[in-house]
Amino acid sequence: MTLLPEWSEQAFVQLTWPTEETDWKPYLDEAIECYNHIADEISKREPLFIFRGDINDTWARDHGFITTTNDDGTLLLNDFQFNGWGLKFAANNDNQINTQILTSAKEAKENGVANIFSEYFLNAGYNDCMKIVLEGGSIESDGKGTILTTEDCLMAPNRNNFESKECFEQIFREKFGADRVLWLKDVGLTGDDTDSHIDTLARFAPDDTIVYIYEDTDQSVQSWGLKSMKSQLEAFRTREGKPYRLVQLPMPAPVVFEDEILPATYANFLIINGAVLMPTYGQPEKDQEAMNALQTAFPDREIVGIDCRVLVKQHGSLHCVTMQFPKA
């Protein structure tokens, strides 16, 4: 069993579409414009699955299936519990999206209107993991048995209240076939709701590479945390005992909305077939610097910038609103 890395070939990407019933309502047109841009770029390269229904919000990364591959190449849809990042926000509807998807897939087949998405969901196995709170944005896999994550999020008592990290390490062995966990700690972004999701901070890339954000501009808690994270990353070793190749991303200048500093980060990029979609924040020099850095980490993929200033108003960005599904 393997949790493939995001750069593996994908069957499609999921978006959960924003509505007036969500927190996007005050700037819904702006949000939909951003979603349309994301959808267009994905659709140029692979199929796009859009979920529309009764939802609390649209963070597909965290309410979506986490898909693994079995040793025989078949797929397994792992359905973990989403509790609104530790009971901070309502998630009762979002936590039922995956079962709604499966129900719709079955109905489509029964009615003779099956498509590539319904066939995918029906042909994959289903693993009920609802006793465990786990969000897709909180973990990174290199596809070789190593998980990168943060203690701040996974060990938060408002999630599972596990006594030790070994509890999650056992889950990763059982559910993802991962036997190594790299734990970061005491790091996070100002304005973050997720208790330090790894996809806002550091990401795996091919060839034993980790892409990470860094700033050395002030004495804030965020800046100190990012300096500490760099030191922790430098101390990590690959399975072969070698240092990781580290690629540094800049931090954008503070993005402020209604007098609040938002958790804008270039680490929240999405890897798709043939490209990397990277959030931009209306800062041409910083945006370009980040795109250049990502190109060194993904030299064989096109780096595409998408203005995500509206997404970060709700404390998320491009990776947070998407979920990729690996090709069987």
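A residue counts as buried here when its relative accessible area is under 20%, and phenylalanine 65, with a relative accessible area of 0%, is therefore buried. The structure is a predicted model, and this briefing follows phenylalanine 65 to its ring partner in helix α5, then turns to strand β17 and to an open sheet with the helices that lie across it.

**Helix α5 and its surroundings**

- Helix α5 spans residues 116–123, and within this helix Phe117, Ser118, Tyr120 and Phe121 are buried.
- Seen down the axis of α5, these buried residues fall within an arc of 160°, so they line one face of the helix.
- The face of α5 that is turned away from the buried side carries Ile116 and Asn123, both of which are exposed.
- The cover over the buried residues of α5 includes the strands β1 (10–16), β2 (48–51), β3 (66–69), β4 (75–81) and β17 (322–326), together with helix α4 (97–110).
- At the N-terminal end of α5, asparagine 115 acts as a cap, with a side-chain oxygen that lies 2.9 Å from the backbone nitrogen of phenylalanine 117.

**Aromatic pairs around phenylalanine 121**

- The structure holds 27 aromatic pairs, and the rings of phenylalanine 65 and phenylalanine 121 make up a tilted pair, because their centres are 6.1 Å apart and their planes stand at 40°.
- This pair links distant parts of the chain, since phenylalanine 65 sits in the loop between α2 (60–63) and β3 while phenylalanine 121 belongs to helix α5, 56 residues apart.
- Phenylalanine 121 has a relative accessible area of 3%, and so this residue is buried.
- Phenylalanine 121 also pairs with phenylalanine 325, and here the ring centres are 5.6 Å apart with the planes at 90°, so the pair is edge-to-face.
- Because phenylalanine 121 lies in helix α5 and phenylalanine 325 in strand β17, the edge-to-face pair ties together parts that are 204 residues apart in sequence, and both of these phenylalanines are buried.
- One aromatic cluster is formed by Trp17, Trp24, Tyr27, Tyr35, Trp59, Phe82, Trp85, Phe89 and Phe257.

**Glutamine 324 in strand β17**

- Strand β17 contains glutamine 324, which has a relative accessibility of 14% and therefore counts as buried.
- The side chain of glutamine 324 is joined to that of arginine 61 by a polar contact of 2.9 Å.
- Leaving aside residues up to four places away in sequence, glutamine 324 touches Glu6, Gln10, Phe12, Val13, Arg61 and Leu270.

**The open sheet β9-β10-β11**

- Three strands form this open sheet in the order β9-β10-β11, with mixed pairing.
- The edge strands are β9 (202–205) and β11 (245–250), each of which pairs on one side only.
- Neighbouring strands of this sheet are turned against each other by 25° on average, with direction ignored.
- Strands β9 and β10 (residues 209–214) run antiparallel and are joined by four bridges, and in this pairing alanine 202 stands opposite tyrosine 212 of β10.

**Helices lying across the sheet**

- Helix α8 (residues 221–235) lies across β9, β10 and β11, and runs at about 165° to β10.
- Helix α9 (residues 284–297) lies across β9, β10 and β11 as well, and runs at about 165° to β11.

Notes: Residues numbered from 1 in each chain as written. Predicted model: local features only at pLDDT ≥ 70, side-chain atom pairs only at ≥ 80, totals over all residues. Heavy atoms only, no water. Pairing = 2+ DSSP bridges. Helix = DSSP H or I, 4+ residues; strand = E, 2+ residues; numbered from the N terminus. Axes fitted to C-alpha atoms, helices over the stretch in contact; angles between N-to-C directions. Contact = heavy atoms within 4.5 Å. Buried < 20%, exposed > 50% of the residue type's maximum accessible area, 1.4 Å probe, protein only. Arc of directions from axis to C-beta. Polar contact = N/O pair within 3.5 Å; in protein donor to acceptor, adjacent residues only side chain to side chain. Phe/Tyr/Trp six-rings, centres within 6.5 Å; stacked < 30°, edge-to-face > 60°.
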